[in-house]
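Here's a quick briefing on a small set of fold features. Have a look at the model first, then read on.

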Amino acid sequence: MIYACQTKYCHYLFYGSQREAACPDCGKKQIRPATRGERTEFFRLRTEFLPVGKRSG
Ligand SMILES: [Zn+2]
């Protein structure tokens with residue numbers, strides 16, 4: 001599940017389980033489940049860091 005940090009200057013998006021109740025970036029416990037739009041943003045950002053195309057070795 002994707003979570004969003006609610007801390008004012010953090011807004012960190014991260015993947016975690018229900019037990020993970022604190023933001024891995026700032027350590028605050030003010031997190032909430034990410035909205036659909038935030039999840040889309042999360043995956044978009046992650047895929048942008050991946051190299052384009054396949055490596056052929
Ligand atoms: Zn945070």
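What follows covers the overall layout, the strand pairing and the core.

This is a predicted model, where local features need pLDDT of at least 70, side-chain atom pairs count only at pLDDT 80 or more, and totals for chains, interfaces and linings use all residues. Numbering starts from 1 along each chain as its sequence is written.

**Layout**
- The protein chain has one helix and three strands, with helices (H or I, at least four residues) and strands (E, at least two) taken as DSSP runs numbered from the N terminus.
- Along the sequence, the order reads β-β-β-α.
- Contacts are pairs whose C-beta atoms, placed from the backbone, lie within 7 Å; of those in the protein chain with a separation of 6 or more, 40% link residues 24 or more positions apart.

**Strand pairing**
- S1 (residues 2-5) runs antiparallel to S2 (residues 13-15), with three bridges joining them; strands pair if DSSP finds at least two bridges between them.
- S1 also pairs with S3 (residues 31-33), again antiparallel and over three bridges.
- Ala4 has bridge partners on both sides of that arrangement: Leu13 in S2 and Arg32 in S3.
- Leaving aside neighbours within four places in sequence, Ala4 is in contact with residues including His11, Ala34 and Glu38.

**Core**
- Of the 57 residues in the protein chain, 11% are buried, meaning 20 or more other C-beta atoms (placed from the backbone) lie within 10 Å of a residue's own.
- The largest nonpolar core (buried Ala, Val, Leu, Ile, Met, Phe, Trp, Tyr and Cys residues joined through C-beta atoms within 7 Å) has six residues: Tyr3, Ala4, Cys5, Leu13, Cys23 and Ile31.
- S1 gives this core its largest share, three residues.

Key. A residue is buried if 20 or more other C-beta atoms lie within 10 Å of its own, exposed if 12 or fewer, and partly exposed in between; C-beta atoms are placed from the backbone. Two residues are in contact if their C-beta atoms, placed from the backbone, lie within 7 Å.
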